[in-house]
Each structure stands twice: as structure tokens, then as C-alpha cells.
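Biologist: I have a new model open on my screen, and I would like to understand how its pieces fit together. Could you walk me through it?

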Amino acid sequence: MTGVQTCALPIWKLADLVLERLERREDLQRHPEKLKAALWPTGFRSLDAIVGGLRAGHLFTIAARPGVGKSAFVSSMTDSLAERGVPVGIFQLEDYGDAFADRTISRSGHIPSVLMRDDARWETWHWDAAAKVVHERAAWPVYIDDQHGRTIGDLTGAMRRMARELGVKVFVLDNLAEVVIDGQDRGEERLDRALGRIAKAFRDAANALGAAPVLLVHLNRDLEKAGGRPPRLSDIKNSGELEDASHVVALFSRQKDSDVFTVDVAKNRNGPRGEVELQWVGETMTVQDRRVA
């Protein structure tokens, strides 16, 4: 920042900040390629129209009940990012890397997910499709860390290494509830504050690395007893501090046996809120843009 600090502390005069922001905007308009270096589309056109994409240092929180398809959404989003050469680092704390790989084979090879079970017998075309996936995805910069029992300190250290050694620009943390709470006040700190602290540390670490943070969280089980109503921000488990830490909060829902995947952008700090519908392909557990009739 070119402005002059008002004292020895990191305190800035508002006029200097305003000038700095205007200079940055002018520079981005003259050199739009710089914007692409810190803004990455999710790959879903209707969603990007609302949120603008993933931004460096802007926490994008995805909330859903288990089984709705938030991991499938992330897998599909990862495909879009990797296809454009954006390196993605995924902390698979709730599951393991082999499950992510199976989803990739199923989705990209159009192989029904039920055939990914160990006891399923494959035909020749299944093997051909899987071989094609391996060939096409070989150069994609997607990196999976599935070590469980990690603290936020462990994760931020891994983020720095992945950014330095692999050039990762989008970090996905799946799932917040699986991060081990550390600290001397572990037994005294309220759970919502502890989870909020973890979310902020994840966000701030990504920001320092010029990377976008994506966080997956669960909605409360009580939502299942609410008569099928759409989820609200208050349905996020221990939501208060987490909501404050997030720039965007997207609530995912899908009715049983429905092919409509609903995304409610309930919070968008730098833009509009709104709801979009995506396509759920249950056979391969894929999320994609809604088909237009």
C-alpha cells in the first residue's frame, strides 16, 4: 500500500485507503489479466453470476446436510478449476482420498457410482472409460491431503507448503467439524467460538497465500424435522462466529429423489444474495449447470 501510516501501528488514513482502492481498480481495468490471478470461476454459470467466483482470501462456506451432495459439488467444481490449470488443494478430513478418486472416475468416465463398489464387476467399456480418465486427468493440478486428526495449525502449515511447492490457489477444507480443537483453553472455549476461530485462521492463511478458501460445514439435524422447509443461516451448526468469518455462505439442499440441486446464497458480503438451481445427476453423483429445455 502506498499510503502513509498515521502512526507506528498498522492504522491507515481513510483518504489513503480510498486512493489506493481507486488506483487498484484503474490498474485492473487496464490489465484485466491481473484480476484472473485472484478470481477463479466455480464453473457453474448461474452461481458465478451471483458470487462472481472464488476470490483470494474470501471465505466461501458451503453448508448442507450429509448426503445432499456438497462433496459432489466440490468434486465437480474442482474439475472445472483443474481443467483451466488452477491448482487445488483439498483437505479430506471427513473421508479419504480414495473416495474422491472414485467420484472422479464415476463422474468423468460416466460410470454409475454403484459400480465403484469393490465387489462390482466391470465390463470392457468401463475399463476403457477409466483409462481415458487417467489419461485426461494426468496433468490436472489437484492435490488431496486426507490425514485425519489435524489441528488448524497443522492445516495452515500444510497450506503454506502446498502453496510454495505446488502453487495451490484454491484450498478446500472438508469438513470443519473434523478439525481438532487445540489451545490451552480448549475445555473452556465455547464451541461456536472455537469453530469460528478455526474458520478465520483458515481464511487468513489462504489470504496470506493469495489463495481462495472453501469450507464445508454441516447443517443441524433438526432441519430434517422442519417439514421440508429450505435451510436458513441459523440452521448451520454453531453458526454465529462462522457466519461472521465468511464472505459467502451458500446453503445447499435437494429433495429426496429430485434432480434439482438448490443453492441459496444466503450471505454475500460483496454482492447480491439469491437462489440458483443446478442439475443433480444421481447415477454418477455429479452436479452441473441446469439443463435448459
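Modeller: Happy to; we will go through the sheet, the helices and an aromatic pair, keeping in mind that this is a predicted model.

Biologist: Let's start with the sheet: which strands stand at the edges?

Modeller: The open sheet has nine strands with mixed pairing, in the order β5-β4-β6-β7-β3-β8-β9-β10-β11. Two of the strands have a single partner each, so one side of each is left without a neighbour in the sheet. These edge strands are β5 (142–145) and β11 (286–289).

Biologist: Thanks! Which residue in β5 does Val88 stand opposite?

Modeller: Strand β4 (residues 88–92) runs parallel to β5, and four bridges join the two. Across from Val88, in β5, is Val142.

Biologist: What angle does helix α5 make with β4?

Modeller: Helix α5 covers residues 97–109 and lies across β4, β5 and β11. Its direction relative to β4 is about 125 degrees.

Biologist: And how is α5 oriented to α6, parallel or perpendicular?

Modeller: The axes of α5 and helix α6 (residues 124–137) come within 9 Å and cross at roughly 105 degrees. An angle of 65 to 115 degrees counts as roughly perpendicular. Therefore α5 is, relative to α6, roughly perpendicular.

Biologist: Which residues in α6 do Thr104, Ile105, Ser108 and Gly109 meet?

Modeller: By class, this contact of α5 with α6 has five nonpolar, three polar and one charged residues. On the α6 side, the partners of those four α5 residues are Trp125, Ala129, Ala130, Val133 and Arg137.

Biologist: Now for α7 and α8: how many nonpolar residues are in their contact?

Modeller: Helix α7 (residues 152–166) and helix α8 (residues 191–208) pack at about 10 degrees with axes 10 Å apart, which means α7 is roughly parallel to α8. From α7 come Ile152, Thr156 and Met159, meeting Ile198, Ala201, Phe202, Ala205 and Ala206 in α8. Sorted by class, the contact has no charged residues, one polar and, for the nonpolar ones, seven.

Biologist: One last thing: why is the pair of Phe44 and Phe73 stacked, and how far apart in sequence are the parts it ties together?

Modeller: This is one of six aromatic pairs in the structure. The ring centres of Phe44 and Phe73 are 4.8 Å apart and the planes are at 15 degrees, so the pair is stacked. Phe44 lies in the loop between β1 (39–40) and α3 (45–51), and Phe73 in helix α4, so the separation in sequence of the parts tied together is 29 residues.

Terms used:
Residues numbered from 1 in each chain as written. Predicted model: local features only at pLDDT ≥ 70, side-chain atom pairs only at ≥ 80, totals over all residues. Heavy atoms only, no water. Axes fitted to C-alpha atoms, helices over the stretch in contact; angles between N-to-C directions. Parallel < 35°, antiparallel > 145°, perpendicular 65-115°, else oblique. Contact = heavy atoms within 4.5 Å. Nonpolar A, V, L, I, M, F, W, Y, C, P; charged D, E, K, R; others polar. Pairing = 2+ DSSP bridges. Phe/Tyr/Trp six-rings, centres within 6.5 Å; stacked < 30°, edge-to-face > 60°.
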